[in-house]
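Trainee: Could you walk me through this one before I go back to the bench?
Mentor: Gladly; have a look at it first, and then ask whatever comes to mind.

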Amino acid sequence: MKRATEWVQYQQLNDPYAPSATPLYQTATFRLNDKGDDSDYDYTRSGNPTRRVVEDQLARVEGGSSAFAFSSGMAAITAACALVSAGEEILACVDLYGGTYRLLSQVATRHGIRVRYVDTSDPDALARAFDPAPKLVLVETPTNPFQSVTDLFRLSELARAAGSLVAVDNSMMSPYLQRPLSCGADLVIHSATKFLNGHSDVTAGVIVTNDTELAERIGFYQNATGTALAPFEGWLLERGMKTLPLRLDKQQSNAGLLARYLRSHPVVERVHYVGLPEHPGRDVHERQAHGAGAVIAFETGALERSLELIGALELFAVTVSFGGVRSTASLPARMSHASIPDDVRLRRHFPEDLVRLSVGIEHIDDLRDDLGRALDRAAATTETLT
Amino acid sequence: MSTLEAFGTSTRAVHDGERRHQTSDAITTPIHQTATYWFKNSEELRAYQEGRLDRDEYGRYGNPTVRAVERKLASMEHADEALLFASGMCATTTTFLALLPRGSHLILTRDGYRRTRQFCDEFLSKMDVSVSVIDPANIEAFEAAITDDTSIFFTELPTNPYLRVLDLPAAARIARKRGIKVIVDSTFATPALHRALDDGADLVVHSATKYLGGHNDLLAGAAVGGRKLIESVRNALGILGGIIAPNDAYLLLRGMKTLDLRMERHNQNALSVARFLEGHDKIRRVFYPGLASHPDYEVAGRLLRGFGGVVTFEVEGDYEATVRFVDRCRIPYIAPSLGGVESLIEMPVLMSYWDQTPEARRRFGITDSLVRFSCGIEDTVDLINDLEQALRAV
């Protein structure tokens with residue numbers, strides 16, 4: 001079965017009414033038999049038929065054997081971090097989503113977990129990173145927002161030799177473009193709020209794995225802590241995923257054109273997009289993924305210029321998050337990554353003027369016109385600045 | 001909320017937190033799951049009654065979520081206004097009831113959704129509305145059917161199941177001269193392929209259950225057109241009550257966002273499937289307006305941006321052979337309806353026309369080996385491979 005087909009055709013619930021859409025089991029509990037056993041479901045925190053449909057489909061498209069849907073991407077990352085005990089270590093890539101950094105630096109450490117940050121996109125740093133061996137390696141690739149690429153095959157090989165687990169946050173790519181389990185990762189994590197759902201109307205997270213023992217532990221943790229996805233959100237997510245190949249094909253093609261357009265514009269100093277030929281991680285990325293996705297970051301050289309630019313955008317909504325059908329723009333330093341302290345951002349050379357675009361499914365001409373107008377406005381600011 | 005401080009917990013549980021006048025800057029449209037709307041005081045109600053204040057009163061007369069979808073659809077159809085209904089049949093019947101004067105004459109096409117004709121035969125006749133049924137996509141037949149009482153010409157474009165495409169600009173010119181309103185059921189085309197109002201239609205209706213919703217998970221209808229006509233239909237809807245529920249309106253809104261992408265894939269899949277079937281020796285005939293063999297190939301090429309996702313064909317064999325073929329398909333579901341992301345297949349003889357006599361079926365061209373295939377957004381090669389293996393059963 002081809003990829004476009006498997007996103008639409010999959011195992012439905014065995015429902016006596018044979019509906020074309022998955023039934024929404026908006027229920028907290030399930031009636032048990034007299035003995036209280038022999039039932040697939042008892043309580044929605046532990047399991048729900050609607051959620052099961054979307055979880056099975058998520059497992060399938062990621063090439064895994066089990067998937068767990070959570071109430072948010074952060075709930076999924078939290079559950080993955082719970083595989084690490086006090087005294088053990090998490091190794092994370094340097095460029096991380098602000099919320100993940102906050103979890104690792106302010107929550108995990110309080111539970112006695114050590115956290116080490118390494119530039120995993122640097123092959124030498126990666127090779128040295130496993131002495132001592134961490135319990136879990138957590139990476140994004142390409143990262144958000146700088147799009148640095150970690151070699152997933154190499155990382156998994158090193159981790160396996162060291163006895164470490166590898167978890168990959170695949171939100172930027174979606175399983176349509178990248179399947180980390182097939183590169184050797186143990187866990188794939190998603191903020192399903194992004195491309196998977198794609199309509200900016202559901203907050204959800206996912207963990208997929210091929211390992212039955214890990215699946216058991218994650219399932220136990222999810223049930224014990226009560227962070228599973230609500231049935232209706234699961235229903236909307238399943239519906240949203242059906243058009244993912246169409247959405248992402250279009251979004252990616254728009255993004256590639258906009259990235260080239262940005263690169264040629266005098267106001268833009270630097271474009272971060274793994275689809276550009278000069279991107280340092282491009283070769284590695286192409287070995288492990290089918291495309292560059294639809295998120296672009298770029299620098300204008302001055303915060304005032306970037307503020308002017310995003311203020312002048314009309315089609316791009318100024319908002320956090322990414323991956324929806326509608327194009328959006330943000331200033332990560334002030335929005336999605338504001339939870340990273342100023343001094344840490346400074347140390348990591350995180351530019352204040354960085355603009356992140358999430359490219360939607362609108363017509364490319366309209367997007368380019370909108371961006372062009374805003375860039376011209378920013379250019380006018382440049383003149384005032386100099 | 002300060003005004004509620006004096007009230008007990010149960011009152012707060014009902015009211016608190018919900019009384020706000022400012023909407024948030026949420027990126028998506030809120031679902032206003034409400035039956036009614038409250039007035040701050042009697043003066044506000046009075047201002048509303050006297051037309052000094054434009055606002056909502058009761059769910060049957062309007063809902064902000066529903067209006068968001070209506071605005072979107074009107075914009076996509078290049079129209080002043082749009083109006084949503086509980087189903088496609090509700091859109092058609094409410095529109096007819098609103099716009100057909102007593103004793104008037106209606107012209108319909110022979111090919112077309114059977115329930116529309118049934119409504120005209122069984123219900124409109126009670127209003128002394130007479131009905132003429134003409135060949136589809138036939139300008140001469142249309143002109144010949146016109147009487148002094150003709151008030152509406154209704155046609156699907158393309159028609160169901162033979163996908164006939166009327167030369168709408170030509171028909172609209174004739175209709176305008178005779179003071180006849182042209183209503184086009186654009187369910188199969190959608191505004192992604194055809195804007196019937198730009199081609200002279202006075203009103204467009206949709207079963208939004210199909211491509212507009214696109215996910216086989218909601219029922220909805222729509223009427224789109226000029227302000228005056230839509231206002232008449234809106235008034236009728238307020239009385240007859242076939243409104244769409246707010247949550248379905250939201251799902252429709254969400255579905256419409258990917259309409260263009262879906263239609264592009266539907267078109268591409270259907271054209272490939274039609275070409276494949278036309279070259280297959282187990283297929284007697286294929287009806288698809290994107291094929292040169294279709295009687296309206298030229299008109300369709302002129303009017304439509306793509307030919308839609310439905311392919312109709314006759315299997316080279318009898319009823320039993322056709323059933324064997326349909327049952328052996330693995331990808332499409334055997335189900336009524338069309339236009340969703342999942343492919344659906346049906347034999348019209350078994351679906352819409354099962355209760356009809358063989359003579360009646362013959363009159364509408366419904367043969368025992370006729371199959372209607374609604375292509376989903378699956379991979380083209382998968383669909384063709386599936387049809388190929390299933391045709392071995394013929």
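**Sheets, cores and contacts**

Mentor: Let us begin with chain B of this predicted model, where seven strands form an open sheet with mixed pairing, in the order β1-β7-β6-β5-β4-β2-β3.

Trainee: Which strands of chain B are at the edges?
Mentor: Those are β1 (81-85) and β3 (130-134) of chain B, each of which pairs on one side only. Going across this sheet, neighbouring strands are turned by 20° against each other on average, if direction is ignored.

Trainee: And β2 with β4 in chain B, parallel or antiparallel?
Mentor: Parallel: strand β2 (residues 105-109) of chain B is joined to strand β4 (residues 150-156) of chain B by three bridges. As a place to look, His105(B) stands opposite Thr150(B) in β4(B).

Trainee: What does helix α7 of chain B lie across?
Mentor: Helix α7 (residues 168-177) of chain B lies across β4 and β5 (181-185) of chain B, and it runs at about 150° to β5(B).

Trainee: OK, over to chain A: what is the strand order in its open sheet?
Mentor: The order in chain A is β1-β7-β6-β5-β4-β2-β3, an open sheet of seven strands with mixed pairing. Its edges are taken by β1 (66-70) and β3 (114-118) of chain A, and each has a single partner strand, so one side of each is left without a neighbour in the sheet.

Trainee: How many bridges hold β2 to β3 in chain A?
Mentor: Five bridges join β2 (residues 89-93) of chain A to β3(A), and the two run parallel. Within that pair, Ala92(A) stands opposite Tyr117(A) in β3(A).

Trainee: Which helices should I look at against that sheet?
Mentor: Take helix α3 (residues 73-81) of chain A, which lies across β1, β2, β5 (165-169), β6 (187-191) and β7 (205-209) of chain A and runs at about 40° to β7(A). Helix α6 (residues 152-162) of chain A also packs on the sheet, where it touches β4 (136-140) and β5 of chain A, and its direction makes about 155° with that of β5(A).

Trainee: What about the nonpolar interior, how many residues are in the largest core?
Mentor: The largest nonpolar core has 113 residues, and those with the most contacts inside it are Ala167(A), Val206(A), Ile207(A) and Ile296(A).

Trainee: Take Val206(A), then: what does it touch?
Mentor: Leaving aside residues up to four places away in sequence, Val206(A) touches Leu58(A), Ala67(A), Phe68(A), Ala69(A), Phe70(A), Ala76(A), Ile189(A), His190(A) and Ala192(A). There is also a second, separate core of 103 residues, which includes Ile152(B), Leu229(B), Ala300(B) and Val310(B). As background, nonpolar side chains in soluble globular proteins tend to be buried together.

Trainee: Any odd backbone spots?
Mentor: A few, and the background is that most residues other than glycine have a negative phi, and most peptide bonds are trans. In chain A, the peptide bond from Asn144(A) to Pro145(A) is cis, with omega near 10°, and Pro145(A) lies in the loop between β4 and α6 of chain A. In chain B, a cis peptide bond joins Asn160(B) and Pro161(B), with omega about 5°, and Pro161(B) lies in the loop between β4 and α7 of chain B.

Trainee: And which loop has Leu163(B)?
Mentor: Leu163(B) is also placed in the loop between β4 and α7 of chain B, and it has a positive phi of about 60° although it is not a glycine.

Trainee: Is Leu163(B) buried or exposed, and why?
Mentor: Leu163(B) counts as buried because it has 30 C-beta neighbours inside 10 Å, and the cut-off for buried is 20 or more. In chain A, Ser174(A) has a positive phi near 70°, is found in the loop between β5 and β6 of chain A, and is buried, with 26 other C-beta atoms within 10 Å.

Trainee: Changing topic, how many residues make up the contact between the chains?
Mentor: On chain B, 23 residues are in contact with 22 residues of chain A. Both α11 (259-278) and α15 (380-391) of chain B supply at least two residues of the side that touches chain A, and α11(B) gives the most, with three residues. By class, that side of chain B has eight nonpolar, six polar and nine charged residues.

Trainee: What scores does the predictor give the complex?
Mentor: The complex has an ipTM of 0.86 and a pTM of 0.91 from the predictor, while chain B has a mean pLDDT of 94, with 95% of its residues at 70 or more. Where pLDDT is low, the predicted coordinates should not be read in detail.

Methods: Residues numbered from 1 in each chain as written. Chains lettered and ligands numbered in written order. Predicted model: local features only at pLDDT ≥ 70, side-chain atom pairs only at ≥ 80, totals over all residues. pLDDT = per-residue confidence, 0-100. Contact = placed C-beta atoms within 7 Å. Helix = DSSP H or I, 4+ residues; strand = E, 2+ residues; numbered from the N terminus. Nonpolar A, V, L, I, M, F, W, Y, C, P; charged D, E, K, R; others polar. Core = buried A, V, L, I, M, F, W, Y, C linked by C-beta atoms within 7 Å. Buried ≥ 20, exposed ≤ 12 C-beta atoms within 10 Å, placed from the backbone. Pairing = 2+ DSSP bridges. Axes fitted to C-alpha atoms, helices over the stretch in contact; angles between N-to-C directions.
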